[in-house]
Amino acid sequence: MKEYDVIVIGAGEGLGVAFKALSAGLKTALVDKGKVGGTCLNVGCVPSKMLIYPADRIREIESSNKLGVTARIARVNFASIMRRTRKTITSSREDLLREIRNSENLDFYNEEARFIGNYTLQTKSATIRGKKIFIASGSRPFIPPIEGLDGIRYLTNETIPDMVKKPESLIIIGGGYIGVEYGHFFSAMGTGVTIVQSRERLLPNEEPEISALLGSVMAKRMTVLLNAEAGEIRQTGKECVLAFKDTRSGRKKKLKAAAVLVAAGRRSNADLLEPGKTGVELDGAGYIVVDDRLQTSRENIWAFGDAIGKAMFTHAGDLEQRIAWHNATEPAAIRMDFSAVPHAIYTHPQIASVGLTEEQARMSHDILVGRARYSDVVQGDAMMETEGFAKAIVEKGTERILGFHMIGPMASVLIQEVANTVAEKGNVKSITGKMHIFPALSEIIPETLRNVE
C-alpha cells in the first residue's frame, strides 16, 4: 500500500488542489480514469463555447439587414469548425498533462479507482491511502430510460466534439441549458433541429418571461415541442424515429431525424467510487453530501464541483476547490455561499442570472421588482435590440439585491457587476451610486435597478 498526505480524485477542478498540495511540499496522488482537464475542457464549456461563437456570428449576419446592412453567408465549413475545436482541446490537455508529468512528488494514476476501506482506494495498479482526500469526480450525462435508446448511436455532449459531418436533421431530447445551447449551434450550422422538452417551458429554472422569450426566438429557427414526453425510439434505415406523447392532450406522435442528441441532464460520478466504503454519504440523487465548508460526512474528506451537484459551473467549482483547500489547511473555516453563484447560458440571445428568482424571493422576503429593456439605453437602441431585457429583485426596505436576470446581447459579461455586488451583500446604491460609461450597454444595469417598485 502506498501512503500519501493528499489524494485528489479528479483531474479537472481537482488540479487546483493537487498543485496547492505540491506547493506545500506534500506527497500527493492524483487519480482520474479520464482525460486531464475534466468535463469543462474536454466535453463541456470549452468545446461548446468554441462551437457557439461562430454560430453567434451567423445569427448576427442573418439579422444585419435591420441595421441597413445587406450581407449573406456563402458557406459554413462545419468540418473546419470542429477541427479547430478539437485542436484547442488537445493542445490545452497536452499542456496540463505535461505540467502533471513534470511535477515532483506527484503520482498520477490515470485509471479507475474505488474506495475499499477508510481513506483507502484501489486503482488498477495500486492500493493507496491518504491522510486527506479531495473528491472532484465530476459528472456524466443522465441517460433517461427511453425504450430503444440503447439500440441506436445517440449523441451526448461528450461525443459532439468528435463529430466531423453535420447531421441534416437532429432531435434533441431535453430543453435545459445543454439542449438549448446545442440547439442554437446546430440550427445555425444549417441542421434541421427539433427540441423535445418534457416540461412546460425551456429552461424551467430561469425566470418564466426569460424562458418565454427564448422559446419564441428559438421557435423561429427550429421546432420546439413542449410538454412532450419521449416514449420509444427506433433506428429505421438511416433515420431515427422517436415516438412521444403530448402530455396536455394525451395524443401520441412521431418524429424522425438523422441523429439524436440526449441532453436530459447530468448525474454525479461519485457513485462509481463506492464512497460509502469510506463513510462518505450520498443524497438520493447520487451527489456527495457536504456542508457549507465542503466537508463530507467523513472527517478529512472534502468534495466539490459537479460531484456535489450544488452549482454545476466551472467558476463555482474553482471557488469551491480554493475553499476546500483552505478549510483543510487553515484553522479558521471559510463557508461557500451558493446563493451568489452567477451563471450564463450561451444561446442567441444570451441569458445570465445571479441570485434568487422572483418566485424564490417572494417565499422569504418582501420584495421590489425592476425591469428595463435593452432599448431603454442608447447603445441598446443603436443595436435595434427590441426584445432583450433585464429584471432585478430587491429586498424592500434594505434595497439589497437578491437576484438579477437578463436576456440579450453580452448578458454573460454584463451580469458580472451585479454578481460582485450580490456576493458582497450590496444594495441598489452600490451600483446606481457608481459612474457608468455613457453610452455603454452596461447602463442597462443601473437602469433596471432604478426602476424597482
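**Loops, aromatic rings and packing in the predicted model**

Glu274 is placed in the loop between β15 (266-268) and β16 (301-303). In this predicted model, the backbone at Glu274 has a phi near 55 degrees, a positive value in a residue other than glycine. With 30% relative accessibility, Glu274 counts as partly exposed. The loop between β15 and β16 also holds Leu294, where phi is near 70 degrees, again positive in a residue other than glycine. Leu294 has a relative accessibility of 0% and therefore counts as buried, the limit being under 20%.

Two cis peptide bonds may also catch the eye of a reader browsing the loops. One runs from His348 to Pro349, with omega near 15 degrees, and Pro349 belongs to the loop between β17 (343-345) and β18 (351-355). The other joins Phe438 and Pro439, with omega about 0 degrees; here the proline sits in the loop between α11 (428-432) and α12 (444-450).

Aromatic rings come next. A search of the whole structure finds eight aromatic pairs. Among them is the tilted pair of Phe78 and Phe186, at 6.5 Å centre to centre and with 35 degrees between the planes. Phe78 lies in helix α4 (residues 78-101) and Phe186 in helix α5 (residues 177-189), so this pair ties together parts that are 108 residues apart in sequence. Both partners are buried: Phe78 has a relative accessibility of 7%, and Phe186 has a relative accessible area of 0%. Phe186 also pairs with Phe185, this time edge-to-face, at 4.9 Å centre to centre and with 65 degrees between the planes. Phe185 is buried, as is Phe186. Ring pairs link these three phenylalanines and Tyr182 into a cluster made of Phe78, Tyr182, Phe185 and Phe186.

Charged side chains also meet aromatic rings. The charged end of Lys27 sits over the ring of Tyr4, 5.2 Å from the ring centre. In a second case, the charged end of Arg57 is found over the ring of Tyr53, at 4.2 Å from its centre.

Helix α5, home of Phe186, leads on to a sheet. Four strands make up this open sheet, in the order β10-β9-β8-β14 and with parallel pairing. Its edge strands, β10 (223-225) and β14 (259-262), each pair on one side only. On average, neighbouring strands are turned by 15 degrees against each other, direction ignored. Strand β8 (residues 169-173) pairs with β14 in the parallel sense over four bridges, and Leu170 stands opposite Ala259 in β14. Helix α5 packs on the sheet, where it touches β8, β9 (192-196) and β14. The direction of α5 makes about 165 degrees with that of β9.

A helix pair completes the description. The axes of helix α1 (residues 14-23) and helix α7 (residues 314-329) come within 9 Å and cross at roughly 35 degrees. The crossing of α1 past α7 is right-handed. In this contact, α1 contributes Gly16, Val17, Lys20 and Ala21, which meet Gln321, Arg322 and Trp325 of α7.

Notes. Residues are numbered from 1 along each chain as its sequence is written. This is a predicted model: local features need pLDDT of at least 70, side-chain atom pairs count only at pLDDT 80 or more; totals for chains, interfaces and linings use all residues. Side-chain values use heavy atoms; hydrogens and water are left out. Rings of Phe, Tyr and Trp (its six-membered ring) pair if their centres lie within 6.5 Å; planes under 30 degrees apart count as stacked, over 60 as edge-to-face and the rest as tilted. Helices (H or I, at least four residues) and strands (E, at least two) are DSSP runs, numbered from the N terminus. Buried means under 20% relative accessible area, exposed over 50%, partly exposed in between (1.4 Å probe, protein chains only). A charge sits over a ring if NZ of Lys or CZ of Arg is within 6 Å of the ring centre and within 35 degrees of the ring normal. Two strands pair if DSSP finds at least two bridges between them. Axes are lines fitted to C-alpha atoms, for helices over the stretch in contact, and angles run from 0 to 180 degrees between N-to-C directions. Contact means heavy atoms within 4.5 Å. A crossing is left-handed if the near helix is turned anticlockwise from the far one by less than a right angle, and right-handed if clockwise.
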